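Thank you all for coming. I would like to walk through one structure this morning, going slowly for those who have not met it before, so please have the sequence and the model open in front of you.

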Amino acid sequence: MINLEIPEGQVPLGSPFYVERPPIEPDCYEAIARPNTLIRIKAPRQMGKSSLMSRILGEGERLGYQVAYINLQLADSQFLETLDSFLQWFCASVAEELDLPENLDKYWQGVLGSSRKCTKYFKKYLLTTLESPLILALDEVDRVFQHPEVAMDFFGLLRAWHEEGKNQALWQKLRLVISHSKEVYIPLNINQSPFNVGIPIELPELTFEQVQSLIERHHLTFTEDQQMTLMKVLGGHPYLVRLALYHLAQHRLTYEELLRTAPTEAGIYYDHLRRHLGNLQEDEGLLEAIAQIIQQNNPVEIGSDEAFKLRSMGLVKFVGNAVTPLCDLYRIYLRDRLILPNPLSSPSEQNSGSTLAAILFTDVVDSTPKMVANQQKTLESLKRDFKTMTAICQDHQGQILKNTGDGLLVYFVSAVKAVECAQQMQAALTAQNHDLDPHSILEHRIGIHVGDVLLSDGDVLGAGVNIAARLQSKAKPGGICISQMVYDTVKDHLYLPVEDMGLQELKGIPYRVQLYQVLS
């Protein structure tokens, strides 16, 4: 019986399912043994960056080097607000990886800037303390790109250390390995960037022979035509191929079932495809670009920014200066699922159909007793608040589809826009309430969910709407409650402090939903 591994995250060292892509691994192993090495690994998510990095670190340990692996996704948002807090977190994290005391109080002294203090920390403490070379591996540095002021100084610092290693023996002990998915869009001076020096590694798709090797390692047998068809559907994407082979080897589905269901939400790539769809719907430019690409069977020339962003996401590949979908899985799924609404029009002006959308529901706390106590004043207060909320919705390209009496149903193409709109609504209402008679103040709760909705005759229906309607009841008065789908979509785009509410039962929903309370 074959001992299968669930294909998620990095492939463990020693795994029989890791496929080398020569000459990448031998070149990296040779380079890491040289002083002052800098290796840059660039590839879309799930293409094997972390797996390669772990093998470079394994080679370093075999050579007797010290290794420190830092995943920048683990940096709390608060540490990325300023360069000083980020560099202190960075130094403390490296020390922890090396089982050394932090000693920040000793080295973070004086009027020198944060970069100088960080340099002193490495030079006079870490590199001096260690007898052997240090491999510093920085994974997912894309996280820092979202904070340009921190990124410019931090990456400039790495480049400066690399330059110091050309002349100073102490800095030659430092080997840098950096991985990222996205293009480097932050404005780095050519002489201060670590992304134009060292050894660049771009991870390609698996070849026909490498996929064939993986098939054999899963104890499966394919005809040549079957393998050709599989690669047409999945390309040579390591994760997509491994997940398919894992399920086939487990006898969870047949080859025919795999091909039939792969580009659908009944297939094994459901989460992977929905993540891509959600990310595309956050950027109108990318939506328009991918629409052009998937509608053509030949490579298409689009704007260079959009082309490089889509390649960074792993959705397309270059053919000369043009691009084409990485594989038929993306082309077929997006052709079927991607509806491109005009954000300035309402769903009544769009074709009917099912799509992924962000739905925002509002509700007034204790509206019934307020109506009973003073109906006229409550209606006037509702009219006043709805006027404020409507203006904010329009600013964020939200479409108010329904007034429920004491609440609003709002449709958004973008989850980011929906959350920003909700935050500004609550902030504006709070500010407005300062000058009001306490008896005329209403407290509104807001729920937001991203899910499948049905556009029909100007209305929005479906489970996505029902869940959003239930979420507002879970929000605190004056607060916002969001689902896991919303949180996963917006967390890398917005500063969003949240309180984890855990899995919650919602009336009329047959499963529990993970919820978050947005903190003001």
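**A hairpin to begin with**

Let me start at a small feature, the hairpin of E6 and E7, which has 2 residues between its strands, and in which Gly-320 takes a positive phi near 65 degrees. Before going further I should say that what you see is a predicted model, and please keep that in mind throughout. The two strands of this hairpin, E6 with residues 316–319 and E7 with residues 322–325, pair in the antiparallel sense, and 4 bridges connect them. If you would like a place to look, find Val-316, which stands opposite Pro-325 in E7.

Not far along in the numbering we come to helix H15, residues 328–337, which is mostly covered, since 7 of its 10 residues are buried. Which residues of H15 are the buried ones? They are Asp-328, Leu-329, Tyr-330, Arg-331, Tyr-333, Leu-334 and Arg-337.

**The chain as a whole**

Let me now step back and take the whole chain, whose secondary structure comes to 20 helices and 15 strands. Its radius of gyration is 26 Å, and the globule rule gives 24 Å for 520 residues, which is close, so the chain is as compact as a globular protein of that length. Along the principal axes, the C-alpha trace spans about 80 × 70 × 45 Å.

As for burial, 54% of the 520 residues count as buried, while the accessible surface of the chain comes to about 24,200 Å², with 48% of that belonging to carbon and sulfur atoms. If we take the contacts between residues at least 6 apart in sequence, 71% of them join residues that are at least 24 apart.

**The parallel sheet**

The next stop is an open sheet of 5 strands, which runs in the order E2-E3-E4-E1-E5 and has parallel pairing. Why does one side of E2, and likewise of E5, have no neighbour in the sheet? Strand E2, residues 66–71, and strand E5, residues 199–202, stand at the edges and have a single partner strand each, so one side of each is left without a neighbour. From one strand to the next, the twist averages 15 degrees.

For those new to sheets, strands pair through backbone hydrogen bonds, and the pairing may be parallel or antiparallel. In the present sheet, E2 pairs with strand E3, residues 134–139, in the parallel sense over 6 bridges, and within that pair Gln-66 stands opposite Leu-134 in E3.

Two helices that pack on this sheet deserve a look. Helix H2, residues 49–62, touches E1 (38–42), E2, E3, E4 (174–180) and E5, and the direction of H2 makes about 170 degrees with that of E3. Helix H3, residues 83–97, touches E2 and E3, and the direction of H3 makes about 135 degrees with that of E2.

**Two helices that cross**

Further along the chain, the axes of helix H17, residues 375–395, and helix H18, residues 415–433, come within 9 Å and cross at roughly 145 degrees. The crossing of H17 past H18 is right-handed. On the H17 side, the residues that meet H18 are Arg-384, Asp-385, Thr-388, Met-389, Ile-392 and Cys-393, and on the H18 side they are Cys-421, Gln-424, Met-425, Ala-428, Leu-429 and Gln-432.

**Some backbone details**

I will finish with a few places where the backbone is worth inspecting. Pro-22 and Pro-23 are joined by a cis peptide bond, with omega about 5 degrees, and Pro-23 lies in the segment before H1. Within H1 itself, residues 24–32, we find Pro-26, which counts as partly exposed because its relative accessibility is 41%. The C-alpha atoms of Pro-26 and Leu-286 are 260 residues apart along the chain and are separated by 37 Å.

Then there is His-219, a residue other than glycine that has a positive phi, near 60 degrees. His-219 sits in the loop between helix H8 (208–217) and helix H9 (224–234), and at 62% relative accessibility it counts as exposed.

Finally, His-251 also has a positive phi near 60 degrees, and its place is in the loop between helix H10 (238–249) and helix H11 (255–261). Is His-251 buried or exposed? With a relative accessible area of 70%, His-251 is exposed.

Definitions and conventions:
Residues are numbered from 1 along each chain as its sequence is written. This is a predicted model: local features need pLDDT of at least 70, side-chain atom pairs count only at pLDDT 80 or more; totals for chains, interfaces and linings use all residues. Side-chain values use heavy atoms; hydrogens and water are left out. Two strands pair if DSSP finds at least two bridges between them. Axes are lines fitted to C-alpha atoms, for helices over the stretch in contact, and angles run from 0 to 180 degrees between N-to-C directions. Contact means heavy atoms within 4.5 Å. The radius of gyration is taken over C-alpha atoms; the globule rule is 2.2 Å times the number of residues to the power 0.38. Buried means under 20% relative accessible area, exposed over 50%, partly exposed in between (1.4 Å probe, protein chains only). Accessible areas come from the Shrake-Rupley method with a 1.4 Å probe; for residues, only the protein chains shown count as cover. A crossing is left-handed if the near helix is turned anticlockwise from the far one by less than a right angle, and right-handed if clockwise.
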